[in-house]
Structures are given as C-alpha cells and as structure tokens.
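Welcome to this tour. Please open the structure in your viewer and keep the selection tool at hand.

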Amino acid sequence: MNKRRNIAWTLAAIAAAALALTGAADSVSDDYADQAFKRGLVTFAIARALNGVISVAQGTEVAVEPGGVGVNFTVGQILDPINDLVEQFSSVMLVATSSLGLQNILLNMTGWWGVTAALGGAVLFLIGAVWWPGGVSAGVKTLALRLFLVMAFLRFALPVLIIGTHIVFSAFLEEEHDAATAVLEATSSEIKEFNEEQTGVEPGEASSFFGKLGEAIGSSIESLDVSGRIERLKESASSASEQIVNLIVIFVMQTIILPLAFLWLFVEGLKGIASRATRIND
C-alpha cells in the first residue's frame, strides 16, 4: 500500500515539474489573461465614450417652433437618470481593468524561473524522502510533502484560477457581454449623432399666406420628428441602463467572485490532499 502511494506521489511530483518546466499552463493562462485585459480595456473605453457624449448632451437644447409656438427639449434631462450610473460604471471598469492587468503581472511573477526552480527543488526533496534507501523519519516526509504542496500552490494557483475563470466566462458570460457592449456602443453613437445634428427651423421671411402656411407645416413636421427621436432616445437610455448593470455584474464575477471561488477550491483541494497524504508515513 505504501509503495503504491509512493508511486502516486512520485508521478504527481514529476507531472508538476514537467508542467512548470514546459510552461504549458503558463502559455494558456497568459493568453486568457491577455484576452480578458484587452476586453476590459475596450469596455472601459466604451464606458468613457458614453460618459463623454452624455456630458455634451447635458448642455444641448433642441428648439423648434411648430406653428409659431416655441417648444424646447433638453436632451440632458432625458439622460440624467443614467448619467450617474455611467460614471459609476466607468469607476467599476477602471478597477476591473486594473485587476486584470494585475493578474498579468502576477502571472509573470509566478512563471519566473526562480519559482520554477524552487518547485523543482521541492519535487526532488519529496522524491528523495519517499525513496531514500532505508527510509527517513516521518517528520522529514511530512516536511517534504508540505513543501511540495506549498510550492505547487505558488506556482499553479494563478494559472488555475485564470483558466477556470475563462472557461466559465466563455460558457456563460461572453455572449451576454458582447450583446451588452453592442447596445452601449449603439446608444453612444445615437446620442453623438443627436448632439451633432442641427435641429430646429429658423423663422423665414414669408411674403404670403401660403408661404406662412408652408413654414408652419414644415416646422410642425420637424417638431414631430424631434419628439419621436427623443422618445427613441429615452428607450435607448433605458436599455443602456439595463446593460450597464449586466456588465457590472459580469466584470464583478470575472474579477472577484470567480477568481476567489477557484482559488478557494484549489486551496481546499490541496488541504484535502495534504491531510490524507500524511498517511504516507504509516
């Protein structure tokens, strides 16, 4: 029984050393971390662009004169309900993007050759403690095992949580994220076009009754068109608010909840292995 356990631990140690030396997990996790960081940057840029066009719109007033009666529409009043939400979203995206950038830095640190060398030393120590002719004391075996698990944690914890988070994101969150960012981009473009568009009809010099009548009809039609566009703008703002909340939830899950969940699972797994593996001394 002890021999089988020794063989299992030897194979596990060799596999960990091979995985660290080849950098297979590092390559995959680095690619996923880079994708997540770029995705965060793009979403942050979308949030800032939306915040910018809303700020411009707050000073935009649309005036028309249907039939000589002045009517004013203040676009900023329509967008005020989501203005604070967009600013909060920008702050969330700044934190989330910074967190994703930090993951890239930490990934480079855990993949450093010194950490890999330390893991290799722990692997050799464990194999030596397991197969030393005549055996070693129980304390030495326990120390070798715990040292190996600690180094395995330091070397592979971050790649594990990045890969796990990416798998969950791709399966359940990516489609919703893409749809939400598309809505925000469309809303930003619509508000920008509305800001740039010169609405309103300047009163002209009408020399006849028919001229005045045509001017009144044209102004009324324009007023109806502006009113319709403002209603559509209200709907877009409402839809954008919903998608902003969805994106906040997505990035909180991607940068906080899922990494912590996978880190907890990894730690608990190693703790379970360590508690059972102490019987290697039996």
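**Stop one: a pair in H6**

Select Glu268, which counts as partly exposed at 33% relative accessibility. Now add Lys271, also partly exposed, with a relative accessible area of 48%. The two side chains meet in a salt bridge, with N and O 3.5 Å apart. Both residues sit in helix H6 (residues 209-277), and being 3 residues apart there, they are separated by about one helical turn. Side chains of opposite charge can pair when their charged atoms come close. Keep in mind as you look around that this is a predicted model.

**Stop two: the other salt bridges**

How many salt bridges does a search of the whole structure find? The search finds 3. For another of them, select Asp34 and Lys38, whose closest N and O atoms are 3.3 Å apart. These two are 4 residues apart in helix H2, so about one helical turn separates them. Asp34 is partly exposed, at 30% relative accessibility.

Next, select Asp26 and Arg155, a salt bridge with its closest N and O atoms 2.5 Å apart. Asp26 belongs to helix H2 (residues 24-57) and Arg155 to helix H5 (residues 138-196), so this pair ties together parts that are 129 residues apart in sequence. Are these two residues buried or exposed? Asp26 counts as buried at 15% relative accessibility, and Arg155 counts as buried at 1%.

**Stop three: the two sides of H1**

Select residues 2-22, which form helix H1. At 1.5 Å a residue, its 21 residues should span 30 Å, and its end C-alpha atoms are indeed 30 Å apart. Colour its buried residues: Asn6, Trp9, Thr10, Ala13, Ala16, Ala17 and Ala20. Turn the view to look down the axis of H1, and you will see these buried residues fall within an arc of 130°, so they line one face of the helix. On the face turned away from that buried side, find the exposed residues Lys3, Arg4, Leu11 and Thr22. Step just past H1 to Gly23, which takes a positive phi of about 70°.

**Stop four: the nonpolar cores**

Which residues have the most contacts inside the largest nonpolar core? Select Leu50, Ile54, Phe89, Leu184, Ile191, Ile244 and Leu247; the core as a whole has 30 residues. The elements giving two or more residues to this core are H2, helix H3 (75-110), H5 and H6. H6 gives the most, with 10 residues.

Zoom in on Leu247 and show what surrounds this residue. Leaving aside residues up to four places away in sequence, Leu247 touches Thr43, Phe89, His177, Ala180, Thr181 and Leu184. Then look for a second, separate core of 24 residues, which includes Ala122, Val130, Ala157 and Phe266.

**Last stop: colour by confidence**

Colour the model by pLDDT. The protein averages 83, and 81% of the residues score at least 70. Where is confidence highest and where is it lowest? Helix H4 (residues 113-131) is highest, at a mean of 95, while strand S2 (residues 71-74) is lowest, at 56.

Select residues 64-71, where the pLDDT is below 50; this stretch has 20 contacts in the model beyond near neighbours in sequence. Finish with residues 209-224, where pLDDT stays under 50 and the model has 17 contacts beyond four places in sequence. Where pLDDT is low, the predicted coordinates should not be read in detail.

Notes
Residues numbered from 1 in each chain as written. Predicted model: local features only at pLDDT ≥ 70, side-chain atom pairs only at ≥ 80, totals over all residues. Heavy atoms only, no water. Salt bridge = Lys/Arg side-chain N within 4 Å of Asp/Glu carboxyl O. Buried < 20%, exposed > 50% of the residue type's maximum accessible area, 1.4 Å probe, protein only. Expected span 1.5 Å × (residues − 1). Arc of directions from axis to C-beta. Core = buried A, V, L, I, M, F, W, Y, C linked by side-chain atoms within 4.5 Å. Contact = heavy atoms within 4.5 Å. pLDDT = per-residue confidence, 0-100.
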